[in-house]
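Subject: Handover of a structural model

Dear colleague,

Please find below the structure that I am handing over to you. My findings follow it, and I should be grateful if you would read them alongside the coordinates.

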Amino acid sequence: MPDVTTEASHPLYVPLTVPQTAGPRRRRPPAPPVPALRLAPERLRTGIVAGAGAVGLLWGLQARPSARLDVLFASGAHLTGLLGGYGVLVLLLLMARIPAVEHGVGADRLARWHALGGRYVLGLIAAHAVLALCGHAVHTHADLVTATGDLLSYGAIAAATAGTVLFAAVGITSARSVRRRLRHETWRAVHLGALLAAALGFVHQLAGPDIAGGLLTRWLWSMAHATVAVLLLWYRIVVPARAALRHDLRVAEVRDEGPGVVSVLVRGKGVDQLRAEPGQFFRWRFLRRGLWATALPFSLSAPVRDDTLRITVKALGDHTRRIRRLRPGTRVLASGPFGALTAHRRTRRKVLLLAGGVGITPLRALFETLPGGPGDVTLLYRASDAAAVVLREELESIARERRAALHFLLGPSDGSFDPPPACGRGCPHLAPLAPCALRNLVPDLAAHDVYLCGPPAMARAATASLRRAGVPASRIHSEDFDRA
C-alpha cells in the first residue's frame, strides 16, 4: 500500500490523507467525447409551463360564461380534464430518456419532477371525474349513483374510468412505503400500465367537446400524443436495440475489488460512439439467468478506454449479488449514457468531490479526468472503515500522479451526521461531515464547485453542511441514479 499520513482527530473517525507528491508520469487520459446536446432545466420548465398556459387558453376560448350550477361543474371538469391530459403527456415525455433532456436536466431531477407531477396529474384526473359526475347529476336531476351508471354506459367514459384505475394503481405503487415492499419487476410492470391508461384517456379526450369540437384542435392534440409516442418508442426501444446490434457488448472480466464489491469490464465495438462522459451511467441488462429481466442503473467507474466500459457494483440485493457470478462472454444490453453529473456543470477552477460508500464510482472517473493543476481537485471519501474503501489503490495513484488532494474519512456512520449550526474552526463535533470539519480539510471550501454522490442520508447531511459552510446550492452538484 502506498505510504499515507495519519492526522490526529476525534477518536470516532480518522482522516487519512495521501501526500501530494509528484509521481511517475502516466499516459494521458482519453480525450473527452464530443459534448452532447443539453436542454437546460430552466428551459424545460419554461416550456412545460407555457404548454399548460396554452391548454388553459384553449379551454378559455371555448368556455361559455354561465351562472348555472351544471355549467359551472362542466366548465371545471373540462379544464381539469384538459390539464390532466396534458400532464400525462408531460410525465411520459420526462421519462422518454431523450438524450438532450437527460444530459441537461439530469435523471434524478427528471425523476423528482415526474413524481411531483404525478401527484398533480392524479389530483386533476380525480377532480375531473368528480366535477363531471356532479355536473351530470345536476343536469339530469339524478342522484350520484344513478348518474354514475348513466355515465359508464358511454364507451369513451368507460375507457377513461379504466384508465383512471390504472393511473391510481401506478400512484399507489409509487408511494415510498409501498414501493419498498414490491419487487422491482412488479413495480415496473405496474408502471407499464400507465401507457395503456394514457391511450384510454386519449380515446376519451377525442370524444369530448373540448377536443372534438374543432378540426384544428383535434389535429394538434393528436399530433402531441403521436409525437410523445414516437419519442418513447424511439429512445426506449429502437435506440437501445440498435446500440446492442451495433456495439455487441459482452462481459470481458469480473474483478474483485473488496468485500462484496466487483468491477465488471464490458467490451464492444465502437464504444466511443456512445459518447459516454465521466460521471454518467447506463442502465445495464445482463443476458443470463436471474439477471436478464431487470435493467438497473450503474455509473461508469472509469473513463472509456480501448472500447471498454467499467462499472463497479456492491452487493446490496439478489440482483447485485448475482452480478459477481457473471462469466466472460455474457451478452450485455446497455441503454445510455444518462445523467448530468459531468464536467459541464463545473463553474469554478477548484473542485471538491465528496463521495460516500459505493458512491465513489462516478466521482472516481471525474477524479481522473477533470482538468486542473496541482491542488485544483480534492476528493473526500467517507467510509465506515478501511475495508469499505472501494478502488483505494486507483484513487491514491491518481492523487499522486496529478498531485490532487485525497482524504479518506474513516469511522462509524451510526452517529449524527448533522451537528448544530454553531460550528467553528477546531470544534470537537463527532461528525466528520460537519461544516467545520469540511473547512479544516478544504480551507477555501466556499470557492469550490462540489460534486456529491453517496447514500441518501449522507448526501442530505453533506448538502446541509456544505450550505452552512458557505457553498451556494447552485454549486452543489449531485445525482441519485437509483431514482430513474
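Two strands are taken to pair if DSSP finds at least two bridges between them. By that criterion, strand β5 (residues 281-286) and strand β8 (residues 332-338) pair in the antiparallel sense, over 5 bridges. Please bear in mind throughout that this is a predicted model.

Overall composition

The protein chain has 15 helices and 13 strands. Of its 484 residues, 43% are buried. Among contacts between residues at least 6 apart in sequence, 72% join residues at least 24 apart.

Strand β5 and its partners

Within the pairing of β5 with β8, F286 stands opposite V332 in β8. β5 also pairs with strand β6 (residues 296-299), again in the antiparallel sense, over 4 bridges. Here the bridge partner of W284 is L296 in β6. As for its surroundings, 5 of the 6 residues of β5 are buried, so the strand is largely enclosed by the rest of the structure.

The sheet β3-β4-β7

A separate heading is given to the open sheet of 3 strands, whose order is β3-β4-β7 and whose pairing is antiparallel. Which strands stand at the edges of the sheet? They are β3 (250-258) and β7 (308-314); each has a single partner strand, so one side of each is left without a neighbour in the sheet. From one strand to the next, the twist averages 20°.

β3 and strand β4 (residues 261-267) pair in the antiparallel sense over 7 bridges. Two of the bridge partners may help you to fix the register: R250 is matched with R267 in β4, and E253 with L265 in β4. The hairpin of β3 and β4 has 2 residues between the strands, and in it G260 takes a positive phi near 75°.

On the β7 side, β4 and β7 pair in the antiparallel sense over 7 bridges. S263 stands opposite T312 in β7. β4 is mostly covered, with 6 of its 7 residues buried.

Helix packing

Two helix pairs were examined. In one, helix α2 (residues 69-94) meets helix α4 (residues 107-140): their axes come within 7 Å and cross at roughly 155°. Angles over 145 degrees count as roughly antiparallel, and α2 and α4 are therefore roughly antiparallel to each other. The crossing of α2 past α4 is left-handed. By class, this contact of α2 with α4 has 16 nonpolar, 11 polar and 1 charged residues.

In the other pair, helix α12 (residues 360-369) and helix α13 (residues 392-402) pack at an angle of about 20°, and their axes are 10 Å apart. Angles under 35 degrees count as roughly parallel, and α12 and α13 are therefore roughly parallel to each other. α12 passes α13 in a left-handed crossing. The residues that meet are I360, R364, L366, F367, E368 and T369 in α12, and E394, L395, I398, A399 and R402 in α13. They divide into 6 nonpolar, 1 polar and 4 charged.

Two buried strand residues

A355 is found in strand β9 (residues 351-356). Is A355 buried or exposed? A355 is buried, with a relative accessible area of 0%. Not counting residues up to four places away in sequence, A355 touches I360, L363, L380, Y381, R382, C453 and M458. One of these, I360, is also among the α12 residues that meet α13. The C-alpha atoms of A355 and A462 are separated by 9.7 Å, although the two residues are 107 residues apart along the chain.

T378 has its place in strand β10 (residues 377-383). T378 is buried as well, with a relative accessible area of 7%, which is under the 20% cut-off for that class. Which residues does T378 touch, not counting those up to four places away in sequence? They are V351, L352, L353, A405, H407 and V442. Among them, V351, L352 and L353 lie within the range of β9.

With kind regards

Technical notes:
Residues are numbered from 1 along each chain as its sequence is written. This is a predicted model: local features need pLDDT of at least 70, side-chain atom pairs count only at pLDDT 80 or more; totals for chains, interfaces and linings use all residues. Side-chain values use heavy atoms; hydrogens and water are left out. Axes are lines fitted to C-alpha atoms, for helices over the stretch in contact, and angles run from 0 to 180 degrees between N-to-C directions. Angles under 35 degrees count as roughly parallel, over 145 as roughly antiparallel, 65 to 115 as roughly perpendicular and the rest as oblique. A crossing is left-handed if the near helix is turned anticlockwise from the far one by less than a right angle, and right-handed if clockwise. Ala, Val, Leu, Ile, Met, Phe, Trp, Tyr, Cys and Pro count as nonpolar, Asp, Glu, Lys and Arg as charged, and the others, Gly among them, as polar. Contact means heavy atoms within 4.5 Å. Buried means under 20% relative accessible area, exposed over 50%, partly exposed in between (1.4 Å probe, protein chains only).
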